[in-house]
Amino acid sequence: MRVASTLVLVVMLLANTACHDKNGRETKTNAQAAINSFPSNQGLPPLDSSRFTVIPYDLERDKHRLSKVKGASLTAQEIVFTEYLLNVCVSKHNLEQRIKLQKMRETHPKITLKESDFIINLPNYKRQLVAFYNGKGEKKVWVNCFCKPLNGTEWRRKVVEVDDGGNCYFNTVVDLRRMKCLGLSINSVA
């Protein structure tokens, strides 16, 4: 629990840090420098490389989901922050889904609804991370998550793309400058 609280404190500080110029106007926060200066031995959880892979941005492959961007690399600290922010985003989603599920069960008590169709159990998912700079030079990470890896270890080299599949397949963009997820896109169910 101490690790989580340390990471929460660091993210809160980074998210709320603002720089001001000599006239008192707010300028862009340099969260990237803060991430890079954060020592990797500060009690952060070790990275579980069996759960994620970093895939380089490819213009031809990614142009339909990431336009007007330039590929970037990720440091270990950025991967840890990406994972943390993904957890925050999924926790918020799960809370909203539990409320929605409860209301549906109250409204339609005869219909059997499985919680697993609504809730994302993140430890069961693999993640593909594609880092990029947007047109403003801000580093972001497209995170592609799936609970059923295809073709053994091919998921480590090739972006997993499927139609439908429900909450077994979802993705988001993590904004490393603003320290937040930019929505959560969950596949539909056929």
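A cavity, as the term is used here, is a set of grid points within the protein where a 1.4 Å probe fits but cannot get out. In this predicted model, one cavity of 30 Å³ or more is counted. Before that cavity is examined, the chain as a whole deserves a description.

The protein chain contains four helices and nine strands. Followed along the sequence, these elements appear in the pattern α-β-β-α-β-α-β-α-β-β-β-β-β. The chain has 190 residues, of which 38% count as buried. Its exposed area is about 11,500 Å², and carbon and sulfur atoms supply 53% of that area. Contacts can also be sorted by separation along the sequence: among those between residues at least 6 apart, 64% join residues at least 24 apart.

The account now returns to the enclosed space. The volume of the largest cavity is about 30 Å³. Which residues line the largest cavity? They are Phe-52, Ile-79, Thr-82, Glu-83, Leu-86, Arg-127, Leu-129 and Val-143. Five of the lining residues are nonpolar, one is polar and two are charged. Helix α4, which spans residues 76–107, and strand β5, which spans residues 126–133, each supply at least two residues of this lining. The largest share, four residues, comes from α4.

Helix α4 also takes part in a second space, this time a pocket. A pocket, unlike a cavity, is an open set of points. The second largest pocket holds about 180 Å³ of space. Its lining consists of His-93, Gln-97, Lys-100, Asp-117, Phe-118, Gly-165, Gly-166, Asn-167, Ile-186, Asn-187 and Val-189. Here too α4 provides the largest share of the lining, with three residues. By class, the lining of this pocket comprises three nonpolar, six polar and two charged residues.

Attention may next pass to individual side chains, beginning with Lys-140. This residue belongs to strand β6, which covers residues 139–146. Is Lys-140 buried or exposed? Lys-140 is classed as buried because its relative accessible area is 9%, and the limit for a buried residue is under 20%. When residues up to four places away in sequence are not counted, Lys-140 touches Val-130, Ala-131, Phe-132, Asn-134, Val-173, Val-174, Asp-175, Arg-178 and Leu-182. With one of these, Asp-175, there is a polar contact of 2.9 Å between the two side chains.

Another residue touched by Lys-140 is Arg-178, and Arg-178 offers a useful comparison. Arg-178 lies in the loop between β7 (169–175) and β8 (180–181). What is the relative accessible area of Arg-178? The value is 33%, so Arg-178 is described as partly exposed, a class that lies between the 20% limit for buried and the 50% limit for exposed residues. The side chain of Arg-178 makes a polar contact of 2.7 Å with the side chain of Asp-175. A further polar contact, of 3.3 Å, joins the side chain of Arg-178 to that of Glu-138. Arg-178 and Lys-139 are 39 residues apart in sequence, and their C-alpha atoms are 9.7 Å apart in space.

Taken together, these contacts show a shared partner: the side chain of Asp-175 makes polar contacts with the side chain of Lys-140 and with the side chain of Arg-178.

Conventions
Residues numbered from 1 in each chain as written. Predicted model: local features only at pLDDT ≥ 70, side-chain atom pairs only at ≥ 80, totals over all residues. Heavy atoms only, no water. 1 Å grid on protein atoms, 1.4 Å probe; cavity = no way out; pocket = protein on both sides within 12 Å on 5 of 7 lines; lining within 4 Å. Points joined across faces, edges and corners; volume = space filled by probe spheres on them. Nonpolar A, V, L, I, M, F, W, Y, C, P; charged D, E, K, R; others polar. Buried < 20%, exposed > 50% of the residue type's maximum accessible area, 1.4 Å probe, protein only. Polar contact = N/O pair within 3.5 Å; in protein donor to acceptor, adjacent residues only side chain to side chain. Contact = heavy atoms within 4.5 Å. Areas by Shrake-Rupley, 256 points an atom, 1.4 Å probe, with all protein chains shown as cover.
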